[in-house]
Protein chains: 2
Amino acid sequence: MSDVLDLEHFLPYRLSVLSNRISASISRLYAERFALGMTEWRVMAVIGLSPGLSSSEVVERTAMDKVAVSRAVDRLLRSGRLLREIDQADRRRGLLRLSEAGRAVYDEVVPAALALERRLLDGIPAAGRSQLDQLLQQLDTSAAALQEPN
Amino acid sequence: MSDVLDLEHFLPYRLSVLSNRISASISRLYAERFALGMTEWRVMAVIGLSPGLSSSEVVERTAMDKVAVSRAVDRLLRSGRLLREIDQADRRRGLLRLSEAGRAVYDEVVPAALALERRLLDGIPAAGRSQLDQLLQQLDTSAAALQEPN
DNA sequence: GGATTATAGTTTCATCTGAAACTAAATGCA
DNA sequence: TGCATTTAGTTTCAGATGAAACTATAATCC
């Protein structure tokens, strides 16, 4: 059909707008209540679930920029929400865990984040959710393929 | 079930990663071949389809920031890809259209963008695509609702 | 063991971004 | 008509961002 590009129906654009909308809401949640940036929250989320990871492992898992992670870790250390212990087996690496204060924030943010996700999915029945899951998976695979090969 | 938040399965996170991945690929396409930023391209896309809109109408349609649009328009005017004519009925407004050079870029980028979209959707059958369409629509509605009401 | 290469993480720098303040024109109102 | 308010669009400023250079440690090769 069309060589016409209508942004409204252009998948990359729709995803971008949707994702920005959601990020804005969710950032507001973190920022207002906990003075927490998106990157910082993501670091906390990863470390909360998997204590003892290093910064570069966080980078691998989250696909965030390593500079961003470095700075987020720095802020979290300084605000006392994260602890870092040098890995004695490899002294370049710093092993991260939540402090008590960090854990307290984590335990409060997780339910709020999950509640927000639930509101997003509210109108969508179980069948639709698993379709969504599968579709996102496929898109992610295609998108990853798009990255490298030209 | 769980009060556990695993980023890998957290919808806002997945959307953000997916959208960033796709945006990166697509930006590369615009940037390398045409020295065109994402915002600039979006402005061109809207104006290409609907010549004669003003900047603020572009803002409305794209949900982009008005500062970003203002700057993108400025760059596009200076690179000679866009023309602006002051609306004589309301001299605050500038009516935008693609120049000949702009149209040439547009006519080359549109098929490339559509091709990229096609590659994204490649593994997904027609049924899945319409599900996706519907799901994104629903999510967008929920996300919009999330914006205002606290 | 010493030189070379690779990796973890940080710093620098130039750019991008968006909120808020601002300018200019238009509209509403007395 | 003249003053106050609203709207279109730009500029300013302060902070976020990411590529590239850098530091420190580890691993590899001779």
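1. A residue counts as near a DNA strand if its C-beta atom, placed from the backbone, lies within 6 Å of the strand. With that cut-off in hand, helix α4 of chain A is the element that gives the most to the surface near DNA strand C, with five residues. The model under discussion is a predicted one, and what follows should be read with that in mind.

2. On the surface around DNA strand C, 18 residues surround the strand, and the closest are S54(A), S55(A), S56(A), S70(A) and R91(B). The elements that supply two or more residues here are α3 (55-62) and α4 (66-78) of chain A, together with α4 (66-78) of chain B. By character, the residues of this surface divide into four nonpolar, six polar and eight charged.

3. Turning to DNA strand D, 18 residues surround this strand, and the closest are D65(A), R91(A), S54(B), S56(B) and S70(B). At least two residues each come from α4 of chain A and from α3 and α4 of chain B, and it is α4 of chain B that gives the most, with five residues. The surface near DNA strand D is made up of four nonpolar, six polar and eight charged residues.

4. How are the two protein chains related? A turn of 180° with a shift of 0.0 Å along the axis lays chain B on chain A with an RMSD of 0.0 Å, and that is the relation of a two-fold axis. The same surface serves both copies, since 100% of the contact residues of chain B recur in chain A.

5. The contact between the chains takes 49 residues from chain B and 50 residues from chain A. On the side of chain B that touches chain A, the elements giving two or more residues are α1 (11-34), α2 (38-49), α5 (100-120) and α6 (126-147) of chain B. The residues of that side divide into 29 nonpolar, eleven polar and nine charged.

6. As for the fold of a single chain, the secondary structure of chain A comes to six helices and two strands, and from the N terminus on its elements run α-α-α-α-β-β-α-α. The C-alpha atoms of chain A fill a box of roughly 60 × 40 × 25 Å, taken along the principal axes. Of the 150 residues of chain A, 30% count as buried, and among the contacts in chain A between residues at least 6 apart in sequence, 48% join residues at least 24 apart.

7. Within the interior, the largest nonpolar core holds 59 residues, of which V43(A) and V43(B) touch the most other members. If residues up to four places away in sequence are left out, V43(B) touches V58(B), V69(B), A72(B), V73(B) and L76(B).

8. Is V59(B), a residue of helix α3 (residues 55-62) of chain B, buried or partly exposed? A residue is buried if 20 or more other C-beta atoms lie within 10 Å of its own; V59(B) has 19 such neighbours and therefore counts as partly exposed. Leaving aside residues up to four places away in sequence, V59(B) touches M64(B), K66(B) and V69(B). The C-alpha atoms of V59(B) and V43(B), which stand 16 residues apart along the chain, are separated by 8.9 Å.

Notes: Residues are numbered from 1 along each chain as its sequence is written. Chains are lettered from A and ligands numbered from 1 in the order in which they are written. This is a predicted model: local features need pLDDT of at least 70, side-chain atom pairs count only at pLDDT 80 or more; totals for chains, interfaces and linings use all residues. Copies are superposed by least squares on the C-alpha atoms of residues with pLDDT of at least 70 in both. Two residues are in contact if their C-beta atoms, placed from the backbone, lie within 7 Å. Helices (H or I, at least four residues) and strands (E, at least two) are DSSP runs, numbered from the N terminus. Ala, Val, Leu, Ile, Met, Phe, Trp, Tyr, Cys and Pro count as nonpolar, Asp, Glu, Lys and Arg as charged, and the others, Gly among them, as polar. A residue is buried if 20 or more other C-beta atoms lie within 10 Å of its own, exposed if 12 or fewer, and partly exposed in between; C-beta atoms are placed from the backbone. A nonpolar core is a set of buried Ala, Val, Leu, Ile, Met, Phe, Trp, Tyr and Cys residues joined through C-beta atoms within 7 Å.
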